[in-house]
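Student: Hi, I'm new to this one. Can you walk me through it?
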Amino acid sequence: MNIIYEGQIPFYQFLNEHSQVIQPLPEWALTKETLINYYQQMVIARQFDTKAIALQRTGQLGTYASSAGCEAIDVVTASLMSEADVLVPYYRNHAMQMIRGMELSDILLYWGGDERGNSSPAQREDFPNCVPIATQCLHACGVASAIKIRAQQRATVCMLGDGATSKGDFLEALNVAGVWQLPVVFIINNNQWAISVPRSLQSIALTLAQKALGAGIRGEQVDGNDVIALHQSVASALQRAREGKGPTLIEAVSYRLSDHTTADDATRYRHPDALKTAWEKEPIKRLRNYLHAQGWWQEHNETEWQHQTATLIQASVEQYLDTPPQPVSAMFDYLFADLPEHLVKQRDIAVSRDSGESSCNSNSSGNDREAAS
Ligand SMILES: Cc1ncc(C[n+]2csc(CCOP(=O)(O)OP(=O)(O)O)c2C)c(N)n1
Ligand SMILES: [Mg+2]
């Protein structure tokens with residue numbers, strides 16, 4: 001017998017869970033600028049997340065998917081993308097949308113059930129949030145195909161979760177990306193859970209990255225709590241894509257520090273010890289400890305940045321709450337280019353109800369938005 005194929009999955013880590021450097025750093029990480037920027041963006045993402053959950057709990061936002069634990073993945077990837085690259089996100093990538101230019105108030109608007117939050121001009125050609133699991137992987141291949149046909153130097157970034165890797169759509173997308181050598185980077189946020197299904201029941205494969213090997217494309221695993229490792233891995237993958245050197249699958253290992261969404265209660269299926277251990281490894285603390293040790297980030301920097309961030313978030317919350325809700329009939333405006341006949345009738349009913357309601361409820365404010373959504 002001869003072995004005709006042997007696969008390898010590299011694992012990247014520079015900053016271990018104790019914030020210690022475990023191998024020589026790349027040159028860009030020897031100075032503080034990029035690292036501090038990553039840290040600051042992650043703090044914004046975490047504060048935004050906390051605020052969004054508080055808004056939901058007080059009836060001022062719809063169901064919301066927390067990004068606690070995936071800040072490093074999102075911040076590093078979005079920061080490395082060029083304006084011309086295309087983001088195909090799923091529902092946990094608020095920090096990416098923020099860095100790509102969306103207003104935080106628009107992101108809140110979306111989670112408040114208002115479609116205008118999904119049509120910000122700042123999104124340019126980026127896709128809206130994808131909620132059906134893994135379907136975005138094929139959309140990303142469509143985008144990447146268009147980029148390839150036009151011979152443009154742009155990359156498509158497709159975000160997905162560990163649970164999404166069990167879907168046929170994901171495997172089909174990997175396959176076609178390989179066959180057509182598409183300029184796409186798939187990034188799995190392996191946060192160890194697909195709602196209540198643990199990673200161990202998702203696949204018996206040692207890594208999720210190795211699924212790339214079956215499609216003949218490059219697969220690698222990276223510590224998703226280590227901004228330096230993420231930077232190295234994502235920057236190279238983006239460069240390969242833009243240079244026409246084919247797709248990459250990156251599995252970023254993280255942990256979901258929150259419930260699945262605000263509609264979930266993870267205490268019903270998750271042992272508190274696992275969560276406690278995960279908090280020891282989380283990306284923000286890991287980088288903060290390193291920056292402190294380098295003397296690049298002091299206590300007063302922390303206090304000032306937390307304060308500045310709180311002011312920014314508060315302003316975006318106010319802008320969101322001050323946005324008058326859309327009329328009920330707006331729900332017909334976003335799905336069809338040409339509304340089918342039966343929906344035209346329904347929209348007409350909604351429009352006449354809206355005009356009746358607005359005349360007897362002229363004081364309607366943004367605080368009514370959950371009722372409206
Ligand atoms: C096609 C489809 N099936 C089922 C669901 C219900 N659902 C919503 S989130 C989720 C789990 C996804 O887990 P994962 O891919 O790991 O992403 P995470 O939420 O953990 O980031 C499921 C099954 C869905 N949205 N779409
Ligand atoms: Mg998951």
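Tutor: Sure, we'll go through the sheet, the metal site, the cavities and a few single residues.

Student: What should I know before we start?
Tutor: This is a predicted model, where local features need pLDDT of at least 70, side-chain atom pairs count only at pLDDT 80 or more, and totals for chains, interfaces and linings use all residues. Residues are numbered from 1 along each chain as its sequence is written, chains are lettered from A and ligands numbered from 1 in the order in which they are written, and side-chain values use heavy atoms, with hydrogens and water left out.

Student: OK, the sheet. What order do the strands come in?
Tutor: The open sheet has 6 strands in the order 1-7-8-4-3-2, with parallel pairing. Strands here are DSSP runs of E with at least two residues, helices are runs of H or I with at least four, and both are numbered from the N terminus. Two strands pair if DSSP finds at least two bridges between them.

Student: Which strands are at the edges?
Tutor: Strand 1 (11-12) and strand 2 (86-88), each of which pairs on one side only. Strand 1 runs parallel to strand 7 and is joined to it by 2 bridges. There, Tyr12 stands opposite Val222 of strand 7.

Student: And what does strand 8 pair with?
Tutor: Strand 4 (residues 184-190) pairs with strand 8 in the parallel sense over 6 bridges, and strand 7 (residues 218-223) also pairs with strand 8 in the parallel sense over 6 bridges. On the strand 4 side, Phe186 is opposite Leu249. On the strand 7 side, Gln221 has Glu251 as its bridge partner.

Student: Is strand 8 enclosed or open to the outside?
Tutor: Largely enclosed by the rest of the structure, because 5 of the 6 residues of strand 8 (residues 248-253) are buried. Buried means under 20% relative accessible area, exposed means over 50%, and partly exposed is in between, using a 1.4 Å probe and protein chains only.

Student: What unit do strand 7 and strand 8 make with helix 9?
Tutor: A right-handed β-α-β unit, with helix 9 covering residues 227-242. Right-handed means that, with the strands pointing away from the viewer, the path from the first strand over the helix to the second runs clockwise.

Student: Switching topic: which residues hold the magnesium ion?
Tutor: The protein donors of the magnesium ion (ligand 2) are Asp162 (OD), Asn191 (OD1) and Trp193 (O), at 2.0 to 2.1 Å from it. Donors are N, O and S atoms within 2.8 Å of the metal (3.2 Å for Na, K and Ca), and since water is not among the atoms, sites may look incomplete. Along the chain, the donors have the spacing D-x28-N-x1-W.

Student: What does the pair Asp162 and Trp193 tie together?
Tutor: Parts that are 31 residues apart in sequence, because Asp162 lies in the loop between strand 3 (156-161) and helix 6 (168-179), while Trp193 is in strand 5 (residues 193-194).

Student: Are those two buried or exposed?
Tutor: Asp162 is buried, at 1% relative accessibility, and Trp193 is buried as well, at 13%.

Student: How many cavities are there?
Tutor: There are 2 cavities of 30 Å³ or more. On a 1 Å grid over the protein atoms alone, a cavity is a set of points where a 1.4 Å probe fits but cannot get out, and lining residues have an atom within 4 Å of a point. Grid points are joined across faces, edges and corners, and a volume is the space filled by probe spheres set on the points.

Student: What lines the largest cavity?
Tutor: Ala45, Phe48, Ser67, His94, Ala95, Met98 and Leu104 line it. Helix 3 gives the most to that lining, with 3 residues. The largest cavity holds about 40 Å³ of space.

Student: Last one: what's odd about Ala151?
Tutor: Ala151 has a positive phi of about 55° although it is not a glycine. Most residues other than glycine have a negative phi. Ala151 is in the loop between helix 5 (135-149) and strand 3, and it counts as exposed at 67% relative accessibility. Gln181 also has a positive phi, near 50°, and sits in the loop between helix 6 and strand 4.

Methods
On a 1 Å grid over the protein atoms alone, a cavity is a set of points where a 1.4 Å probe fits but cannot get out, and a pocket is an open set with protein on both sides within 12 Å along at least five of seven lines; lining residues have an atom within 4 Å of a point.
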